[in-house]
Each structure stands twice: as structure tokens, then as C-alpha cells.
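Work through the exercises below with the model open. Each task comes with a stepwise solution.

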Amino acid sequence: GNLALDAFYSTVTKSDINAGFNVRLDAVTADHLIEVVPAIDSLVPMLKSFKGNLDCELAATTQLDTNMNILIPTINGIAKISGSGLELTDTGDLRKIARLLMFKDSKVGHIDDMSVSGLISNNTLEIFPFILGIDRYTLGLSGQQGFDTNFKYHISVIKSPIPFKFGINLKGNFDKWNFRLGRAKYRSTSIPLFTPMVDTMQANLASSIKNIFKKGAEAAIREYARDRDQISARIETSGIKINDDDEDDELTPEELEQIDNYRLEMECEAESEELEKELNAMLEEDLSQILAGINGSL
């Protein structure tokens, strides 16, 4: 792949070390991305489940320790990750969602295109709403990923074989989490867009880094904090955050029954297909034995 980097490093005192960077990685695999930018593993742990080439942009300011390690809680910035022709594979709890939605292949989910961006602040990655097409579904997703591994995600099922839209709220950490069915936050692919603000924030930091000797490191950090606060204010008024206590979010008993009936129907269909495959395999084996016997007698 390709890498481009602009960065600054500023030592105010031995215990006050600041840095800023604007890095872009093109056409790299998830494991190589984590190898080049280890902090990404803490920011987006789910990346390890993606197979295929990714493009990544990370623009941030942070503090460093005396060994030049990034202090994760001090990162303030934005992250953008995109890719096409990806596969989402997992042998763990992600299969819960695959089973719930009855993916045709519960082990692998093919993703045509993905573009995700988020704000890094207060030891959390706020993932802005984005659309994802996977298996038979069109999904709208957003959430908060804490650097302590705790998270909250919302998945709106916008298009599916199920005859109405619904949402899935996930909460917990990667060792133990649960989900709750509810209303869909996003009813169509027209979702709240933060792209212009994210692009402006990234461009401003890149400009500040390139002019660091004119403006100084403190000015770059101050300007970047201003941009971050503007996006944070937009998040607070956009209604994208997950509210655990929203009683209006619950599905009716009839809707829950419809989902259960659909899942039962899909399970029966999957079992029938599996039985048909086994039967065809047995018939082929029997036919091979019969033909072998005929050839032997001739």
C-alpha cells in the first residue's frame, strides 16, 4: 500500500510532550494497518475481523510519554476508514447478530462498500452514522466505542426480508455484551452527515502541521480543539446517541412475533437446504458405487 504522513512533535517540558499527525494509508490489510498504527487496535478493535484492503485516514493531536508512546486517553481527532469487496469474519460473539438476522453464511459477511468516520475525544470514538450493505440487508449504524473496550452501537435494519424496519441496540464489551430489539433510528439511507465537518477538521490540522513553524504547536492544538468542540456540539443536537431508557423505542409484541416467525421460517429453509445437500451427496455416492459395480461385472 501507500502511506503519507504530516506530523509535528513538541516538547514543552520532559513531562509535557505533544504531537500532532495527519496520516493516510491506502490499500492496506487490517493486520498491516494495526502494525503501522498500533493505536488503531484500541480505537477500533473490530477491525481485526475485516478481510480485504482498507483505506485509512487518522488526524489527531495527542500527548506522548518519555518513551514516545501515544497516551491513548489524550488522543483528540478524527478517523476515517473505507474499503470495498470486504469480508467480515468472526468466530466469536459477532455470530449472534449473524444468527439473529439469519445471514446466508453465518461465518462470513460480504461487504461491497464501507465508509466509516468518527470523532476521537474523551477516551471514546464516536462513530458517525453510515450505511452498510451486507448479505440480504441494508443497515444504518452508529455508536460509541470506549477505549476501555465498553461500547454502545445501534443498527437500523432499513431493508431486509422482514416486512418492517427495526433496530438492534448493542451494549457491553468484547468479552460480554448483549443486544435489544427496538425501533430503527434511521428509516432510510438519508442519514445525518458529518463528512463536511470531518473533512474541514482534517484539512485544518494538515494546514496547521505544515505551518507549524509559523503558528507554533500550541496554536495548532488550540485550533484543532475548536474544530473538535464544534463537531461535539453537532453530535449533541443530532439525536444520534443511543438512549437506554427510551421506552418508546420498544417493538410491539406483534412485531417481535413477526421477527420470530421469520427467523423460524428461515431456519426451516436452511435446514431443508442442508438436508437436500446431504441427500444429494448420498445419492451421488450410491450412484458411484452402482456404476463401479456395473463396470466391475463387465
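**Exercise 1. Classify Lys80 by burial, then find its salt-bridge partner.**

Step 1. Lys80 has a relative accessible area of 16%. Buried means under 20%, exposed over 50%, and partly exposed in between, with a 1.4 Å probe and protein chains only. Lys80 is therefore buried.

Step 2. The model is predicted: local features need pLDDT of at least 70, side-chain atom pairs count only at pLDDT 80 or more, and totals for chains, interfaces and linings use all residues. Residues are numbered from 1 along each chain as its sequence is written, and side-chain values use heavy atoms, with hydrogens and water left out.

Step 3. Apply the salt-bridge rule: a side-chain nitrogen of Lys or Arg within 4 Å of a carboxyl oxygen of Asp or Glu. The side chain of Lys80 meets that of Asp199 at 2.8 Å, N to O. This pair links distant parts of the chain, with Asp199 in helix 4 (residues 195-210) and Lys80 in strand 5 (residues 76-89), 119 residues apart. Helices (H or I, at least four residues) and strands (E, at least two) are DSSP runs, numbered from the N terminus.

Step 4. Check the partner. Asp199 is at 34% relative accessibility, so it counts as partly exposed.

**Exercise 2. Describe the surroundings of Glu57.**

Step 1. Place Glu57. It lies in strand 4 (residues 53-64). Its relative accessible area is 17%, so it is buried.

Step 2. List its contacts (heavy atoms within 4.5 Å). Leaving aside neighbours within four places in sequence, Glu57 touches Val23, Arg24, Ile78, Ala79, Lys80 and Gln202.

Step 3. Look for polar contacts. These are pairs of N or O atoms within 3.5 Å; within protein, one must be able to donate a hydrogen and the other to accept it, and residues adjacent in sequence count only if both atoms are side-chain atoms. The Glu57 side chain makes one with the side chain of Arg24 at 2.7 Å. Another, of 2.8 Å, joins the side chains of Glu57 and Gln202.

Step 4. Test for a salt bridge. The side chains of Glu57 and Arg24 form one, at 2.7 Å from N to O. Glu57 is in strand 4 and Arg24 in strand 2 (residues 16-29), so the pair ties together parts that are 33 residues apart in sequence.

**Exercise 3. Extend the salt bridges into a network.**

Step 1. Start from Arg24. It also bridges to Asp26, with the closest N and O atoms 2.7 Å apart.

Step 2. Compare accessibility. Arg24 is partly exposed because its value is 32%. Asp26 is partly exposed too, at 21%.

Step 3. Assemble the set. Arg24, Asp26, Glu57, Lys80 and Asp199 are linked in a network of salt bridges. The count of salt bridges comes to 6.

**Exercise 4. Is strand 8 buried or exposed, and which strands pair with it?**

Step 1. Count. In strand 8 (residues 137-146), 10 of 10 residues are buried.

Step 2. Split by face. In a regular strand the side chains alternate between the two faces of the sheet. Tyr137, Leu139, Leu141, Gly143 and Gln145 are buried on one side. Thr138, Gly140, Ser142, Gln144 and Gly146 are buried on the other.

Step 3. Find the partners. Two strands pair if DSSP finds at least two bridges between them. Strand 7 (residues 124-134) runs antiparallel to strand 8, joined by 9 bridges. Strand 9 (residues 151-159) pairs with strand 8 in the antiparallel sense over 8 bridges.

Step 4. Fix the register. Gly133 stands opposite Thr138, and Gln144 stands opposite Lys152.
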